[in-house]
Amino acid sequence: MNPQGGQYLNKTAVFSSLGAARLSQLALGCSVVAMVSHSAGYSGGSYGVFCMAVWCACFGMTTVMFFLDATRLHACLPISWDNLTVAFAALATLMYVTASVVYPVYFVRAECPYAGCEVRNFRIAVTVCSIAGSLAYGAEVILSRAKPGRVVGYMATVSGLLKVVQGFVACIIFGALANGTEYSRHVATIYCVVVYAVCFAMTTVVVILTVSGRTGCLKLPFDRFVVVYTLLAVLLYLSASVVWPVFCFDRKYGSPERPSSCPRGRCPWDSKVVVAVFSFVNLALYVADLVYSQRIRFVTQQPRV
């Protein structure tokens with residue numbers, strides 16, 4: 001008998017507030033996937049596939065992370081575990097919220113479909129469990145986030161969490177750009193697309209460096225790198241937020257009103273509005289990020305050998 005054997009399992013992975021949140025995520029995620037596969041269904045184009053992909057991916061990742069935490073095997077990985085878990089929880093929250101809005105909009109109806117009320121009831125249950133799942137992931141973010149006097153990873157700070165939201169909003173912008181925005185008609189709108197791509201790439205680099213624990217590999221101090229990059233992103237997004245509406249909605253270059261003949265769901269004008277709105281959203285996020293970056297005390301992480 002090995003008297004130390006019990007220490008290989010992490011009891012706090014289960015018997016803690018954070019453990020309870022992750023167990024709730026697993027239970028709700030499993031319920032959603034099971035109900036959608038059993039009777040609720042997700043056929044109906046790319047929206048249903050997107051929702052199912054979100055639920056399956058989050059459930060799979062949560063299962064892996066819960067197992068690694070419970071067995072302490074995450075210590076064998078060359079990553080910053082705390083940064084990884086809170087970054088994933090923040091991303092999963094956003095993805096679950098999106099799926100919780102998209103699925104009922106396209107699949108839930110007040111009247112019973114031809115297959116009977118059972119299918120409708122299952123779809124309502126899926127929506128409810130998905131909303132509860134987003135709350136469970138949000139609870140993990142709240143439990144893991146930085147608090148006064150507590151040393152945590154960068155991703156648990158407001159600035160780190162904003163990086164996840166910025167990347168998510170950029171993905172929404174890219175999705176709208178791919179839906180026929182006709183951005184290639186003007187050099188100015190191409191410039192805006194370059195701005196979105198550059199800022200998204202740099203945000204991704206910051207997240208990867210933090211999660212991998214490689215922030216110490218930079219020749220420039222990480223705190224200064226974050227502040228300089230965020231300031232640059234603010235200036236770039238400010239210019240794009242001005243240029244995009246002018247070249248899309250001014251009468252000289254575009255149309256200030258939605259064309260009456262534009263098909264619903266495939267209208268370039270609608271996609272241009274989405275890009276314009278979320279450009280301002282990301283601008284506000286980067287400004288807030290810049291403000292909070294001034295208040296963070298960084299602890300540089302050296303890469304593991």
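Helices (H or I, at least four residues) and strands (E, at least two) are DSSP runs, numbered from the N terminus. This is a predicted model, where local features need pLDDT of at least 70, side-chain atom pairs count only at pLDDT 80 or more, and totals for chains, interfaces and linings use all residues. Residues are numbered from 1 along each chain as its sequence is written, and side-chain values use heavy atoms, with hydrogens and water left out.

**Exercise 1. Describe the largest pocket and its lining.**

Solution.
- Start with the term. On a 1 Å grid over the protein atoms alone, a pocket is an open set of points where a 1.4 Å probe fits, with protein on both sides within 12 Å along at least five of seven lines; lining residues have an atom within 4 Å of a point.
- Take the volume. The largest pocket has about 1600 Å³, a volume being the space filled by probe spheres set on the grid points, which are joined across faces, edges and corners.
- List the lining. It has 40 residues, and Phe50, Thr98, Cys171, Ile172 and Gly175 lie nearest the centre.
- Assign helices. H2, H3, H5, H6 and H8 each supply at least two lining residues. H3 gives the most, with 10 residues.
- Sort by class. The lining has 27 nonpolar, 9 polar and 4 charged residues. Here Ala, Val, Leu, Ile, Met, Phe, Trp, Tyr, Cys and Pro count as nonpolar, Asp, Glu, Lys and Arg as charged, and the others, Gly among them, as polar.

**Exercise 2. Find the salt bridges and place their partners.**

Solution.
- Apply the rule. A salt bridge is a side-chain nitrogen of Lys or Arg within 4 Å of a carboxyl oxygen of Asp or Glu. The count comes to 3 salt bridges.
- Begin at Arg22. The side chain of Arg22 meets that of Asp69 at 2.7 Å, N to O. Arg22 sits in helix H1 (residues 17-40) and Asp69 in helix H2 (residues 46-71), 47 residues apart.
- Check burial (buried is under 20% relative accessible area, exposed over 50%, partly exposed in between, with a 1.4 Å probe and protein chains only). Both Arg22 and Asp69 are buried.
- Follow Arg22 to Glu140. Their closest N and O atoms are 3.1 Å apart. This pair joins H1 to helix H4 (residues 117-144) across 118 residues.
- Read the accessibilities. Arg22 counts as buried because its relative accessible area is 6%. Glu140 is buried too, at 2%.
- Turn to Asp289 and Lys163. Their closest N and O atoms are 2.4 Å apart. Asp289 lies in helix H8 and Lys163 in helix H5, 126 residues apart.
- Asp289 is buried at 0% relative accessible area, and Lys163 at 1%.
- Join bridges with shared partners. Arg22, Asp69 and Glu140 form one network.

**Exercise 3. Locate the nonpolar cores.**

Solution.
- Set the criterion. A nonpolar core is a set of buried Ala, Val, Leu, Ile, Met, Phe, Trp, Tyr and Cys residues joined through side-chain atoms within 4.5 Å.
- Size the largest. It has 45 residues, with Tyr196, Tyr237 and Trp244 making the most contacts inside it.
- Trace the suppliers. Helix H3 (81-107), helix H5 (158-177), helix H6 (187-211), helix H7 (222-249) and helix H8 (268-293) each supply at least two residues. H7 gives the most, with 12 residues.
- Add the second. This separate core of 25 residues includes Trp55, Leu68, Trp81 and Ala136.
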